[in-house]
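Please open the model in your viewer and keep the selection panel at hand. The tour proceeds by selections, each followed by a description of what is found there.

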Amino acid sequence: NASFYLFSKKKEDENHRLKGTVMEESCDFEKERWGAWKVDTGFVHSGKYAYLLTDEFSPGVSKKILDLPGAGYRIGSFSAFVYSKQKMQDAVLVICTERAGKTMEYRSFDLGLLSVKKEFQQAFITLEIPNDYEPGDLLKAYVYNPKRVPVILDDMKISVREEIDPYVLKY
């Protein structure tokens with residue numbers, strides 16, 4: 001095993017790679033509901049409505065990668081505020097890319113790692129969006145809940161940000 005290190009005398013800003021957010025879409029279950037889904041008005045993170053997930057899959061978003069703004073190195077992010085009175089066993093926050101119905105890249109955050117609290121907690125996951133996409137490739141984000149543990153979701157958001165490619169060295 002070998003390691004290779006590059007050093008520079010120039011001090012760089014912590015955000016030197018960040019170019020900025022090029023797309024952001026959210027669902028707070030007030031006006032935008034990402035479809036016609038049931039809402040729970042008993043306990044919310046913000047506003048009057050939240051989504052009570054008792055099914056295997058939550059409302060989610062699916063976007064053609066070709067239609068996403070930005071070019072070059074892009075990062076997709078998905079976040080949601082979650083609440084459950086019990087441990088969210090096997091429930092995961094998911095962001096993935098698909099080609100012809102098959103998963104290409106898949107990232108998940110295990111919601112079971114969150115402690116049971118009497119408040120909403122924010123879960124967040126990111127994924128590098130591939131540059132070698134085909135016209136039908138998709139970026140998807142959702143919550144997968146195979147044990148159908150009751151989970152309240154609110155203020156879900158997907159975003160794409162463009163960054164300077166960390167794999168390309170510039171002199």
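Select Gln121 and its surroundings in this predicted model. Leaving aside neighbours within four places in sequence, Gln121 is in contact with Ala80, Phe81, Val82, Leu114 and Ser115. Gln121 belongs to strand E7, which covers residues 121-129. Its relative accessible area is 14%, and Gln121 is therefore buried, the cut-off being under 20%. Now display the side chain of Gln121: one of its polar atoms lies 2.7 Å from the backbone oxygen of Ser115.

**The cavity**

Keep Gln121 and Ser115 selected, and add Val82, Tyr83, Ser84, Met88, Val116, Lys117 and Glu119; together these residues line the largest cavity. How many cavities of 30 Å³ or more are there? The count comes to 1. The space in the largest cavity is about 30 Å³. If the lining is coloured by residue class, 4 residues appear as nonpolar, 3 as polar and 2 as charged.

**Ser84**

From the lining, move to Ser84, which is situated in the loop between strand E4 (74-83) and strand E5 (92-99). Is Ser84 buried or exposed? Ser84 counts as buried, at 5% relative accessibility. Show its side chain together with the backbone of two other residues. The side chain of Ser84 reaches the backbone oxygen of Gln86 at 3.0 Å, and a polar atom of this side chain lies 2.9 Å from the backbone oxygen of Pro150. Not counting residues up to four places away in sequence, Ser84 touches Val116, Lys117, Val149, Pro150 and Val151. Of the residues just named, Val116 and Lys117 also belong to the cavity lining.

**Salt bridges**

Next, colour the acidic and basic side chains. Side chains of opposite charge can pair when their charged atoms come close. The structure holds 9 salt bridges.

Begin with Lys157 and Glu24, whose side chains form a salt bridge at 3.7 Å, N to O. Lys157 is in strand E9 (residues 151-163) and Glu24 in strand E1 (residues 18-27), so this salt bridge ties together parts that are 133 residues apart in sequence. Switch to a surface view for this pair: Lys157 is partly exposed at a relative accessible area of 32%, whereas Glu24, at 52%, counts as exposed.

Then select Glu56 and Arg148, where a salt bridge joins the two side chains at 3.7 Å, N to O. This pair also links distant parts of the chain, 92 residues apart: Glu56 sits in the loop between strand E2 (51-53) and strand E3 (61-64), and Arg148 in the loop between strand E8 (138-144) and E9. On the surface, Glu56 counts as partly exposed at 26% relative accessibility, and Arg148 likewise counts as partly exposed, at 44%.

The next selection is Glu163 with Arg161, a salt bridge of 2.8 Å, N to O. Which partner is buried, with a relative accessible area of 5%? That partner is Glu163, while Arg161 is partly exposed, with a relative accessible area of 24%.

Finally, select Arg99, Glu134 and Asp137, which are joined into one network by salt bridges that share partners.

Key. Residues numbered from 1 in each chain as written. Predicted model: local features only at pLDDT ≥ 70, side-chain atom pairs only at ≥ 80, totals over all residues. Heavy atoms only, no water. Salt bridge = Lys/Arg side-chain N within 4 Å of Asp/Glu carboxyl O. Helix = DSSP H or I, 4+ residues; strand = E, 2+ residues; numbered from the N terminus. Buried < 20%, exposed > 50% of the residue type's maximum accessible area, 1.4 Å probe, protein only. 1 Å grid on protein atoms, 1.4 Å probe; cavity = no way out; pocket = protein on both sides within 12 Å on 5 of 7 lines; lining within 4 Å. Points joined across faces, edges and corners; volume = space filled by probe spheres on them. Nonpolar A, V, L, I, M, F, W, Y, C, P; charged D, E, K, R; others polar. Polar contact = N/O pair within 3.5 Å; in protein donor to acceptor, adjacent residues only side chain to side chain. Contact = heavy atoms within 4.5 Å.
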